[in-house]
Amino acid sequence: MKPIRIRIGRGGRGRLSARILANQLAILALTGLIGFGLFALAQRSELDRAYEQRALDIAQTTAAEPQIRQAMEYGGGGDVVQTVAERIRKASGASYVVVIDLRGIRHSHPIPALVGEPVGDPIVVLDGRSHVGTDQGATGRSANGKAPLYGPTGTLAGEVSVGIPEHDVLGELWRELPTFGLYAAIATALGSAAAYLLARRLKRTTFGLELEEIAGLLQDREAMLHGIREGVVAFDPDGKITVVNDEARRLLGLGSALGSRLEDVLPDGRLRRALDGTMTGPDVSVLTDHHCLVVNRMPVTLHGRELGAVVTVRDRTELIGLLRELDSVRGLTDALRAQQHEFTNRMHTVAGLLDIGEHESAYEYAVESAGAGQALTESVRERIGNPLLVGLIVAKTTVAAERGVRIVLSDDSALGEDPPHLRRLLTVVGNLLDNAIDAAVDGPPPEGGRQVRVTLAEDDGTMTVRVADTGPGIRPGTAESIFEDGWSTRPDRGTARRGLGLALVHRLVQRAGGTIEVSEGPGAVFTVVLPLPDTRPAPRDALFTKALSVGGDS
């Protein structure tokens with residue numbers, strides 16, 4: 001990690017209020033000029049549109065002239081088109097009124113030599129609609145309007161193009177600009193007065209500190225906040241966020257949260273309750289979609305007056321995942337030790353049978369012992385085609401058997417070699433089986449023995465996972481709370497903290513758009529329904545990739 005170097009400038013002269021006032025006046029003058037220029041451009045654009053519409057109105061009036069319509073459809077009008085068009089041009093003040101037939105030949109133009117000559121642009125009114133724009137014609141740049149010309153019979157006979165010279169538009173703009181300039185000058189003067197008053201107020205608010213001193217304090221605070229590996233969030237007495245560092249934004253997903261209340265940036269849940277102080281106590285564990293967090297909240301007071309609170313957030317995702325994995329390995333070691341003991345007992349039995357000469361019985365016992373594990377695997381493979389799920393169920397069955405619990409795969413279970421939601425299924429099934437085994441061990445042995453029943457089935461629209469145990473079950477009224485992080489009826493086991501497995505399953509199912517339900521009363525039944533097809537891939541976060549090693553929480 002690169003060291004953070006703090007540079008606090010001590011240069012600069014002049015009082016803070018004077019420097020602020022000078023800067024604000026410069027900004028006001030600059031923004032006034034920019035605003036004046038933008039307004040002038042906007043007004044020019046508005047005038048252009050107005051003069052284009054005026055040119056179009058003249059063109060439409062010309063196109064409605066009976067003499068021109070008669071001459072353009074039937075011909076033989078001599079110079080009547082030129083005469084009428086020029087009369088309209090002079091009366092309207094347009095720079096040109098040009099009548100064009102469908103072949104592109106001019107029948108009128110302010111320059112008589114161009115009458116009878118073809119135009120350079122194609123006829124645009126063939127679609128029967130009027131058009132406006134700017135035109136760089138023989139008389140100079142002008143605002144242009146073009147209207148279709150119909151004959152007495154309603155047949156399209158040509159086009160009327162009218163232009164108003166650009167200097168008319170510019171003249172109108174220059175006549176309006178002094179008024180706009182006066183408004184801008186008044187606004188600048190008022191802004192200058194306000195800037196002066198604000199500069200004096202800022203000086204009092206900053207306790208007489210100069211800019212370099214304020215910058216030094218800010219740099220110190222920013223270096224402290226953003227240089228530590230923990231998330232820090234500060235709240236004022238009203239519960240609004242006043243400070244949040246980069247690590248807190250990353251862990252909590254706050255984004256632009258300054259000045260906001262927690263209920264505006266976070267949904268209701270364990271995380272928000274831990275941050276706002278509803279949940280008290282040190283090192284509150286919170287499971288989010290991507291992290292396992294430890295939250296601590298401390299109130300801040302000064303002279304008996306409450307100033308707010310500071311919350312620190314630590315990321316324990318990797319650590320907790322590794323601790324739970326280590327604890328799971330310890331559990332597997334205990335199971336293997338028990339299996340070794342059982343295997344030794346079987347070997348002693350075989351040796352005893354051989355010693356007394358019961359060779360046939362020894363052979364049959366050895367074959368039966370060797371085939372038990374293979375028979376279990378084959379019975380699972382008949383219903384479950386995916387080798388990962390088969391391995392998971394067989395491994396859980398072996399561990400459960402050492403604890404006196406029998407895992408039964410229901411007859412209606414059926415999954416193919418590549419089922420949807422595979423990664424979610426591994427996490428969900430592994431956690432629910434661990435919970436069910438722990439619950440069955442805790443409860444009194446029923447008449448048929450301790451048992452966990454598993455159902456994995458896929459139909460046209462859903463994937464169903466159901467795990468039922470013979471344990472004491474879920475207490476009435478707690479069906480909703482068991483999916484919150486930290487909820488558990490059992491103490492922490494070894495290095496791993498309980499209360500995360502069911503919360504992890506609940507989040508995975510919700511993110512997939514599925515549902516999870518649990519029955520209350522003796523013998524808990526967890527039912528997970530996942531939608532098909534799988535359109536939301538499961539996350540690959542460190543916490544989730546280690547989920548298979550998470551122990552039971554019930």
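This report describes a five-stranded sheet, the helices beside it, one buried histidine and a separate helix pair in a predicted model.

Residues are numbered from 1 along each chain as its sequence is written, and side-chain values use heavy atoms, with hydrogens and water left out. Because the model is predicted, local features need pLDDT of at least 70 and side-chain atom pairs count only at pLDDT 80 or more, whereas totals for chains, interfaces and linings use all residues.

**The sheet**

Helices (H or I, at least four residues) and strands (E, at least two) are DSSP runs, numbered from the N terminus. Five strands form an open sheet in the order β10-β11-β12-β14-β13, and their pairing is mixed. The edges are taken by β10 and β13 (515-518), each of which has a single partner strand, so one side of each is left without a neighbour in the sheet. Direction ignored, neighbouring strands of this sheet are turned by 10° against each other on average; such angles are taken between axes, which are lines fitted to C-alpha atoms, for helices over the stretch in contact, and they run from 0 to 180 degrees between N-to-C directions.

Two strands pair if DSSP finds at least two bridges between them. The table gives three pairings of this sheet, with one bridge from each.

| Strands | Sense | Bridges | One bridge pair |
|---|---|---|---|
| β11 (451-458) and β12 (462-469) | antiparallel | seven bridges | V454 and V467 |
| β12 and β14 | antiparallel | seven bridges | T462 and P531 |
| β13 and β14 | antiparallel | four bridges | T515 and V529 |

The hairpin of β13 and β14 has six residues between the strands, and within this hairpin G521 takes a positive phi near 95°.

**Helices α12 and α13**

Helix α12 lies across β10, β11, β12 and β14 (525-531), and runs at about 15° to β12. The axes of α12 and α13 come within 10 Å and cross at roughly 150°, and the two helices are therefore roughly antiparallel to each other, a term used for angles over 145 degrees. The crossing of α12 past α13 is left-handed, meaning that the near helix is turned anticlockwise from the far one by less than a right angle. Where they meet, α12 contributes R424, T427, V428, N431, L432 and N435, while α13 contributes G501, L502, L504, V505, L508, V509 and R511; contact here means heavy atoms within 4.5 Å.

Helix α13 (residues 501-511) is mostly covered, with eight of its 11 residues buried, that is, under 20% relative accessible area with a 1.4 Å probe and protein chains only. Among the buried residues are G501, L502, L504, V505, L508 and V509. After α13 comes G513, which has a positive phi near 80°.

**Histidine 421**

H421 lies in the loop between β10 (406-409) and α12 (422-442), and it counts as buried because its relative accessibility is 3%. A polar atom of the H421 side chain lies 2.6 Å from the backbone oxygen of P531. Apart from its neighbours within four places in sequence, H421 is in contact with A512, L530, P531, L532 and D534.

**Helices α2 and α3**

Elsewhere in the chain numbering, the axes of α2 (residues 66-74) and α3 (residues 80-92) come within 9 Å and cross at roughly 150°, which makes α2 roughly antiparallel to α3. Helix α2 passes α3 in a left-handed crossing, and Q67, I68, A71 and M72 in α2 meet V80, V81, V84, A85 and R87 in α3.

Note on methods:
Buried means under 20% relative accessible area, exposed over 50%, partly exposed in between (1.4 Å probe, protein chains only). A polar contact is a pair of N or O atoms within 3.5 Å; within protein, one must be able to donate a hydrogen and the other to accept it, and residues adjacent in sequence count only if both atoms are side-chain atoms. Angles under 35 degrees count as roughly parallel, over 145 as roughly antiparallel, 65 to 115 as roughly perpendicular and the rest as oblique.
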